[in-house]
Amino acid sequence: MLSKFDLNGLTLLLAAETHGDIKINAVDPGWVSSDMGGPFAPRAPEQTAESILWLATIGPEGPNGEFFRDGIRIDL
């Protein structure tokens with residue numbers, strides 16, 4: 001999908017532009033049970049929220065310009 005490609009590129013671009021002063025990372029939420037994902041999606045919103053919270057509080061030594069799901073780095 002072009003939109004995912006664009007988001008991945010934007011993540012890398014912003015990470016390079018901020019030089020690590022601000023951590024820019026992306027989270028793959030997976031298929032989440034929500035209004036958009038529907039009731040049969042296997043993941044609870046809390047699972048995705050944990051990944052987002054982890055990256056939001058990672059600290060200055062944390063990753064930058066990378067992609068994660070459940071705290072695990074995803075290769076592009």
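**Surroundings of Thr 48 and the pockets of the model**

Leaving aside neighbours within four places in sequence, Thr 48 makes contact with Pro 29, Val 32 and Arg 43. The model examined here is a predicted one. Thr 48 belongs to helix H2, which spans residues 45-56. Because its relative accessibility is 10%, and the buried class covers values under 20%, Thr 48 counts as buried. With Pro 29 there is also an interaction through polar atoms: the side chain of Thr 48 reaches the backbone oxygen of Pro 29 at 3.1 Å.

Pro 29 also appears in the lining of the largest pocket, and in that of the second largest. The largest pocket encloses about 330 Å³ of space. Its lining consists of Ser 3, Lys 4, Leu 7, Asn 8, Ala 26, Val 27, Asp 28, Pro 29, Phe 67, Phe 68, Ile 74 and Leu 76. Two or more of these residues are given by each of helix H1 (2-18), strand E1 (26-27) and strand E2 (67-69). H1 provides the largest share, with four residues. Classified by side-chain type, the lining of the largest pocket comprises eight nonpolar, two polar and two charged residues.

For the second largest pocket, the volume is about 170 Å³. This pocket is lined by Pro 29, Gly 30, Trp 31, Val 32, Ser 34, Met 36 and Gly 37. Four of the lining residues are nonpolar and three are polar, while none is charged. Val 32, a member of this lining, is among the residues in contact with Thr 48.

Notes
Residues numbered from 1 in each chain as written. Predicted model: local features only at pLDDT ≥ 70, side-chain atom pairs only at ≥ 80, totals over all residues. Heavy atoms only, no water. 1 Å grid on protein atoms, 1.4 Å probe; cavity = no way out; pocket = protein on both sides within 12 Å on 5 of 7 lines; lining within 4 Å. Points joined across faces, edges and corners; volume = space filled by probe spheres on them. Nonpolar A, V, L, I, M, F, W, Y, C, P; charged D, E, K, R; others polar. Buried < 20%, exposed > 50% of the residue type's maximum accessible area, 1.4 Å probe, protein only. Polar contact = N/O pair within 3.5 Å; in protein donor to acceptor, adjacent residues only side chain to side chain. Contact = heavy atoms within 4.5 Å.
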